[in-house]
Amino acid sequence: MRKITALLLILICLPLHAQQIRVDNLRVWSAPDHTRLVFDTSGPVNHKLFALKKPDRLVIDISNAKLRGKLPAANNNPLIKRLRSAERKGGGLRVVLDLEKTINPKSFVLNPNRQYGHRLVVDLYDSLATQRKRSQETIKRATQNSLRDIVIAIDAGHGGEDPGAIGRKGTQEKTVVLAIARKLAALIEKEQGMKPVMIRKGDYYLGLRKRMKLARKHRADLFISIHADSFRDPRARGASVYTLSKRGASSEAARWLAERENSADAIGGVKLVDKDDVLVSVLLDLSQIGTRLASHQVAGKVLAKLKGIGRTHKRTVQQAGFTVLKSPDVPSLLIEAAFISNPSEERNLKSSSHQKKLADAIMSGLRSYFLTSPPPGTLLAQRKARQHTINRGDTLGAIAQQYHISLKSLRVANNLTNDRIRIGQVLRIPKI
């Protein structure tokens with residue numbers, strides 16, 4: 001009888017133990033503007049946060065949970081001195097962060113996906129840095145007489161706890177696309193009249209709309225998002241280039257129209273908050289038409305150069321409703337550099353020399369586009385304005401008169417020993 005009673009007690013207690021949440025792991029990611037903590041849990045959690053002062057601490061209480069293993073070290077994190085934990089009465093888990101400074105915490109839970117199970121995410125923001133940014137943040141506007149560089153925003157997809165697609169040999173999309181993005185940024189840095197802006201600089205995650213906002217904050221002339229494709233059939237291969245579909249543009253226009261009352265944002269430098277529905281709709285349509293046209297043109301140039309280094313998956317520029325392509329006034333394209341699910345292309349994506357070839361091809365496409373279509377007020381626009389393409393009937397003397405310069409200075413600027421010119425030849429026009 002005693003054995004039966006003991007067995008019944010064990011069976012009664014089993015559901016209580018089964019319901020306890022395991023915290024299997026804690027990952028810490030440092031981004032430029034915040035630190036992210038990701039708790040991997042065996043199920044959905046109930047939690048609460050509260051801050052303590054003197055010294056600064058953040059307490060994270062997770063109900064009915066138990067930690068497996070040890071917490072990671074802070075490893076010179078700019079916001080966290082030390083992490084420690086303790087079991088609470090009733091089976092809960094308390095994690096305490098000893099902080100370097102006062103922070104603003106935010107938290108949320110995530111459901112399982114292909115890579116991870118249930119997760120609790122805690123983001124830490126530097127309070128003083130946030131206040132300073134809000135009080136001092138001003139956008140430096142170029143004066144009428146100054147010339148600026150063309151700004152290229154380069155977005156390496158995924159990052160942090162989101163690895164993206166994973167190849168058969170374990171190659172992670174987030175790693176290879178960041179390497180390609182860095183190589184492209186180095187090439188743009190060397191290009192006279194262009195300036196790169198890296199949207200993701202390290203191994204951390206950024207939300208899709210945050211990537212858009214960063215590009216607009218830096219007043220980007222072009223946004224490029226770099227990814228690696230994946231498919232269930234390992235034979236699929238080749239690069240693809242995407243721009244925003246008409247349907248994706250329409251949905252974004254509706255979103256901007258609905259949210260403009262709560263936004264201080266602007267389209268093409270024009271604030272929407274004080275405009276009526278009809279005018280806002282017209283402004284959005286005009287902006288999107290120009291943006292989509294420019295996106296398609298530069299995407300075509302990039303795709304043509306990618307064809308020169310290997311097979312492309314599609315012969316023409318594709319269209320889709322990717323969120324990162326939806327800035328109404330920033331021409332945007334998304335490049336699927338190769339299929340990471342294809343064994344030979346996975347090897348190529350890991351190869352530094354092939355990454356350089358991809359970056360070179362993209363750079364060549366950008367150069368080809370911006371030399372013929374530079375944005376107004378840029379150094380490249382001035383350079384283009386000081387060139388003349390020879391048409392039928394042109395003479396060197398007539399060109400000199402047209403630009404109010406001497407025939408001799410025109411010859412010297414173009415290393416001409418006589419007055420012979422040909423149709424299609426491009427002459428440099430010297431400054432007066």
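These points describe a sheet and two nonpolar cores in a predicted model.

1. The sheet is open and has six strands, in the order E11-E10-E12-E17-E13-E16, with mixed pairing. Its edges are strand E11 (194-198) and strand E16 (318-320), each of which pairs on one side only. On average, and with direction ignored, neighbouring strands are turned by 30 degrees against each other.

2. At the E16 edge, the partner is strand E13 (residues 240-244); E13 and E16 run in the parallel sense and share three bridges. Within this pair, Thr 243 lies opposite Gln 319 of E16.

3. Helix H7 (residues 343-350) packs on the sheet, where H7 touches strand E12 (222-229) and strand E17 (332-339). The direction of H7 makes about 115 degrees with that of E17.

4. The largest nonpolar core holds 44 residues. At least two residues each come from strand E10 (150-156), E11, E12 and E17, and likewise from helix H3 (173-190), helix H6 (277-307) and helix H8 (352-372). H3 gives the most, with nine residues.

5. Ile 224 and Leu 366 have the most contacts inside the largest core. Which residues does Ile 224 touch, not counting those up to four places away in sequence? They are Ile 152, Ala 153, Ile 154, Asp 155, Leu 184, Leu 333, Ile 335, Ile 362 and Leu 366.

6. Another core, of 24 residues, lies apart from the largest one. Ile 21, Ala 74, Leu 93 and Val 95 are among its members.

How values were computed. Residues are numbered from 1 along each chain as its sequence is written. This is a predicted model: local features need pLDDT of at least 70, side-chain atom pairs count only at pLDDT 80 or more; totals for chains, interfaces and linings use all residues. Side-chain values use heavy atoms; hydrogens and water are left out. Two strands pair if DSSP finds at least two bridges between them. Helices (H or I, at least four residues) and strands (E, at least two) are DSSP runs, numbered from the N terminus. Axes are lines fitted to C-alpha atoms, for helices over the stretch in contact, and angles run from 0 to 180 degrees between N-to-C directions. Contact means heavy atoms within 4.5 Å. A nonpolar core is a set of buried Ala, Val, Leu, Ile, Met, Phe, Trp, Tyr and Cys residues joined through side-chain atoms within 4.5 Å. Buried means under 20% relative accessible area, exposed over 50%, partly exposed in between (1.4 Å probe, protein chains only).
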